[in-house]
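Work through the two exercises below with the coordinates open, and try each task before reading its solution.

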Amino acid sequence: MNLWRYVIWRVLTMVPTLVLISALVFVIIELPPGDYFESYLAELKALGETADLAEIEQLRTRYHFDEPMPVRYLYWVGGMLHGDFGYSFEYRLPVSDVVGDRLWLTVMLSFVTIVFTWVIAFPIGIYSATHQYSWGDYGLTLVGMIGISVPNFVLAIVLMYFANIWFGTSIGNLMDQKFLGQPMSWDKFTSILDHLWIPVIIIGSAGTAGMIRRLRANLLDELRKQYVVTARAKGMKSVPLLLKYPLRMSLNFFVSDIGSILPSIISGAEVVAIVLSLETTGPMLIKALQSQDMYLAGSFLMFLAFLTVIGMLVSDIALAFLDPRIRLGGDSTK
Amino acid sequence: MITRRRTMALMGASLATGLGHAVHADTDYFAARVASGELPDMAARLPVNPRVVNLAAMGREPGQSGGTIRTLIGGQRDIRYMPINGYARLVGYDMALNLQADILASFEVVEGRIYTLHLREGHRWSDGNPFTAEDFRFFWEDIATNTDFYPDGPPTDYIVGGKPPTFELIDPLTVRFSWDSPSPEFLPKLAAPVGLRLMVPSTYLKPFHPKYGDADAIAAAVVAQKVDDWIALLQKLARSNRPENPDLPSLEPWVPRTSPPAEQFVFERNPYFHRVDENGVQLPYIDRYVMNVSTADLIPAKTATGESDLQFVGLDFTDFTLLKQAEDIHPVRVALWKRIQGSRVALIPNLNCADDGWRSVMQDVRVRRAMSLAVDRDEINAALFYGLAVPSANTLLPESPLFKPEYAAAYSSYDPDTANRLLDEAGLDKRDAAGLRLLPDGRPTNIIVESSGESTLETDVLELIRDHFRRIGLAIFPRSSERDVFRSRALGGQIVMSVFNGLDNAVATADMSPSELAPTIDDQLQWPLWGSYFLSNGTQGKAPDLPQVQRLVDLFYAWQTSASTEARTAIWTEMLEINADQMYTIGTVNGSLQPVVAANWLRNLPDDGLIGYDPTSYLGIYLPDTFWKDAAS
Amino acid sequence: MISPLPGPGDPMTHYVSTAPFDPNSMAQHVEQQSANMTTSQWRLMWWKFKRHRLAVVSLVFLIVMYVSIIIAELLAPYALESRNLNAIYAPPQQVHLFDEGQFVGPFVYGRNMTLDLKTLQRIYVDDPAEVNKLRFFCRGDTYLFWGLVAADWHLVCPAKGEDLFLLGTDRLGRDVLSRIIYGARISLTIGLFGVAVSFVLGIIVGGLAGYHGGWIDIALTRVTEVLQSIPSIPLWLALAAVIPITWSPLLVYLGITLILGLLDWTGLARAVRSKLFSLREEDYVTAAQVMGAGSARIIGRHLIPGFMSHLIASAALTVPGMILGETALSFLGLGLRPPITSWGILLAEARSVNIIAIYPWLLYPIVPVVLIILAFNFLGDGLRDAADPYQ
């Protein structure tokens, strides 16, 4: 198989994947019993409030709540194909209008988090692999693991609380209140930086341990190979030796990781973002799921899944460029 | 900081230019726009006869204009609190819950069914267009009775005895609604947190109505607003209970300036608001009201770090200690207001549950009385409310003119011996080896009590009650349900017993509807099927088969057609007596407290008050437009 | 040169050993060698594993923890449902050994509670006059051991009629330490059961895909891709929401483990698949095929054992994810619910700033969570390093 045929084949396989994903997403948003209006009425009742029942009835019929599930699925998928992502009952806006700035903040948060993860994981991973079973190895691995051992939401609350006590950082959000809805300025930017480090540390540290572990394992494998032993025997110094081949080889997994790291960062970010009340997409998604704002939740999930599928595609293709063995595999010889 | 500085600058400017003005200088906020001719000056913006709020007579101090109130909300939807707290109504409650004209100059009621409403001369919408009888006519004739809009006729809120009212436009400042039979719910509905709508800003909306507007322009607006047709367009543009359309003219003290979606919603004072203080200063005092969206869980923490200037949404009694500690660090103060629920947490047996064995047990008044007597309310009060709540049956609070101590005391003392005796008499006298009572059909009395699963308070109360009930040989198993399936499960009879709030409005007067005391709607957890029967006029649900419940329904019908307050008082009294005697719901404690946090500079916010949805409209009856910022503090 | 060959017709000059000859000796030797190798593979792994000192410590720690959940009722000073309404939000008590310079053995001071009505806070003050010696191997709250046998023996109890709250109490006066000990039973097993589910699924799916390749591989790869591309929390939410509320706590618990397992197998399946891709080309597989073994037998008998050690290592690394998953679900209000007590539920109850600021001891459940997760991670690392003992 040549490279281009591989790329085309890989792109084509996305189609059934996306169809399957859309079906699964629809099941997810339909699975919980009840619907948005039930949950809305119940919430108001708990507050002792009342709602406009006539308007709810209208919305119910307009959005085919009386039709069976497969029909609604077709309405939804059909709408998405020509750019109609449905209607958010909670926001009373078309879904495409709801997301707003949140997407950019999410992208920024994810990007900074990935960079943070790499910056931390890289040196620790190399050190651990080259000094296996030393106390430094244990110590640094332990540091790397703290992040995954504390449940994110607890860590978030604790960090947020002490950041407020010690540094006076305002509780929650990605910026001080007064900058909400303001155009970007230097003050707003520094305010974002003041708040950004908490979620970045929490979300990033959760991924760091995994990254360190994979880098360490990959490097250890490489370091045991014949060519390394040979080079060492010939008297090559260890640092250039390390940089020359083993490190490069083990870098492949950074590329292959992009696809899998994205959903995990987004997943990890959701709970943290809820706790910290971040203006990212995570809390919006979870809230939509919990209140059964089905089109908002569904289109959102579809979008995230689409991003991930693209991420996997890109990383697969990049790997195929880097490592020809990949694109040759996959076929049974029998 | 920026806002304050800008306001100061504006104040300085207006002082310099405004020296020549008469006694009532205009609010500084509009000084620039008045100077540029964009707005008329204050005297021209007020109605000829504004509503004068005499603050000194209310025991408050008249203040000065200016300042911004920041508050936190748990989601974008919660901007609905703005018109509730703003509380500009045609007719509204005062602090003693008496009805009084607010937007209206006055109103007359004849035979309890003919309502004549007089508008204020020169009253204007927030966009400066006159507010006149035409706004009522346009709403009634072109929307409410428009069969495109409402194919089945006007919404049920306007229907009394099966018929809508007759609308008459008497003159530009007078309209009349007349029903065939007395309609006592009309005025309370106008005064409700979401007031019954009788008028819309016609000048703004007419261009979007096919009868008045240009078809092409409407079609373009339909596309631009991403709606399906002109009906949805009008609905969207005219929605006022969630102020999402900054262009929609309003009569509220603050008008929205932010289109969703946003994380911060800014409301600005209405230049044409119809209330003034005794010194002739136009209300509201506060210039801007800013709502910041946050996660509901973080509201207490953010409030405790001084990020809110006026907060009750999202705060709970359990947050009090944290908030009180914040008083030492931040310039805020915490007050405890009284919630108006009939019971903070109530046990609600389902008289309509599908299980035959349980239904007959739950319908036995002796069982319900026994369960009420078994609850140790003092323990609940001490453990969860620091002893600050009041042990009581689920009934009215002493603040209500209809309250009698015997309602609260009914079967609410802790008396497990009597409870055991009552259960024995009710046929639950057999017990298993572990001492658990058996139903007449031989099953053990394991009661699954479902809660909507949102509040730990409910599960905590249940934990305590579980021990209390064990002493009378009943076993309860708390389960938290999804609250969106709660209602349908109750209606389907799958719930045997639930735990929920008590009466929503326990400070009722005789003029308010006693619908909570009778089966009137299908979300009443003690009798969902009977409520559904009433709601659907007998097409769904089941007719009540207990004589006392049927009596409640009859009494409620009688109230709906009563013409005098005396008659209503008598009806209320009998309904309260039946409820106290029959123990349809089992209250625990009421009068529980709600923290209200305010910035130290905020004046005129009472130190205590009643807080709830209907009738107090949260802060509404306490007139937040009279709160002001004391710049000196 | 002397020719090595004898002359024509002469007998060959050669040496014949007179020692007895066993024609099977070579075979025996190979057998012996292979026996050596198979027994020593695990032994080699153990040697290798021992070099990871933290992993060994973790293993011991985990064994102790898992043994302790068997006797949770004995270890906890109070029964699971015990409440003490006179000691609501009581801070942890310190254990002392010396009172006024005299050794009295482990004891706590009695405490007096006052209610501060200004801040609505219960304030507890030690009363140095009251010395309450701890009792050991004593009778205290009654409980049903394993839900079956009524008993009242505890490892440690408060002095008669007094309190012993080593980690403080919560809003209903429940002992935090006892709740942590009982919660361990749920939290520690939820990971194991979940991993078992994901293990079985992962091996079956990954095995089929990796061994057969072709369309089965493509289909299964798509499914894992689909599951991996949807963030896990929405999947949890959806599945947890369909657990009927009438289910008993035990069923809910099983349901949650099933959910955690159902959503976790994809990583394992991918690992199995890629391993099989390389292994199935080995000669011994071809040999087995030639001898007519079916694919289930080849996968189960020949291939899986080849990398079982890897699977065990990755399973050890999956358990912490499950434990954390349970806490996340509890945080979102789904999953396990009171009256079940798990660490996730304890932490979810302690998730407000209120708690951190005023009642920080309710965060103690974080300590066992962190320790367990670290231990599993180190154990997994150690196992993984040891998985290939020949390297």
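Two exercises follow, one on a strand and its partners and one on a contact between chains, and both rest on a predicted model.

**Exercise 1.** Determine which side chains of strand 6 of chain B point to the buried face, and work out how this strand is paired with strand 5 and strand 8 of chain B.

*Solution.* Begin with the general expectation that side chains in a regular strand alternate between the two faces of the sheet. In strand 6 of chain B, residues 114–118, B:Y115 and B:L117 point to one face and are buried, whereas B:I114, B:T116 and B:H118 point to the other and are not buried; the cut-off for buried is 20 or more other C-beta atoms within 10 Å of the residue's own.

Next, turn to strand 5 (residues 106–110) of chain B, which runs antiparallel to strand 6 and is joined to it by five bridges, with B:V110 standing opposite B:I114. Three residues lie between these strands in the hairpin, where B:E111 takes a positive phi near 55°.

Finally, consider strand 8 (residues 174–178) of chain B, which pairs with strand 6 over five bridges, also in the antiparallel sense, and which places B:R176 opposite B:T116.

**Exercise 2.** Describe the side of chain A that touches chain C by its extent, its helices and its residue classes.

*Solution.* First, establish the extent: 42 residues of chain A are in contact with 42 residues of chain C. Then assign the helices, among which helix 1 (3–30), helix 9 (186–223) and helix 14 (294–322) of chain A each supply at least two residues of this side, with the largest share, seven residues, coming from helix 1. Lastly, sort by class, which gives 31 nonpolar, seven polar and four charged residues on the side of chain A that touches chain C.

Definitions and conventions: Residues are numbered from 1 along each chain as its sequence is written. Chains are lettered from A and ligands numbered from 1 in the order in which they are written. This is a predicted model: local features need pLDDT of at least 70, side-chain atom pairs count only at pLDDT 80 or more; totals for chains, interfaces and linings use all residues. A residue is buried if 20 or more other C-beta atoms lie within 10 Å of its own, exposed if 12 or fewer, and partly exposed in between; C-beta atoms are placed from the backbone. Helices (H or I, at least four residues) and strands (E, at least two) are DSSP runs, numbered from the N terminus. Two strands pair if DSSP finds at least two bridges between them. Two residues are in contact if their C-beta atoms, placed from the backbone, lie within 7 Å. Ala, Val, Leu, Ile, Met, Phe, Trp, Tyr, Cys and Pro count as nonpolar, Asp, Glu, Lys and Arg as charged, and the others, Gly among them, as polar.
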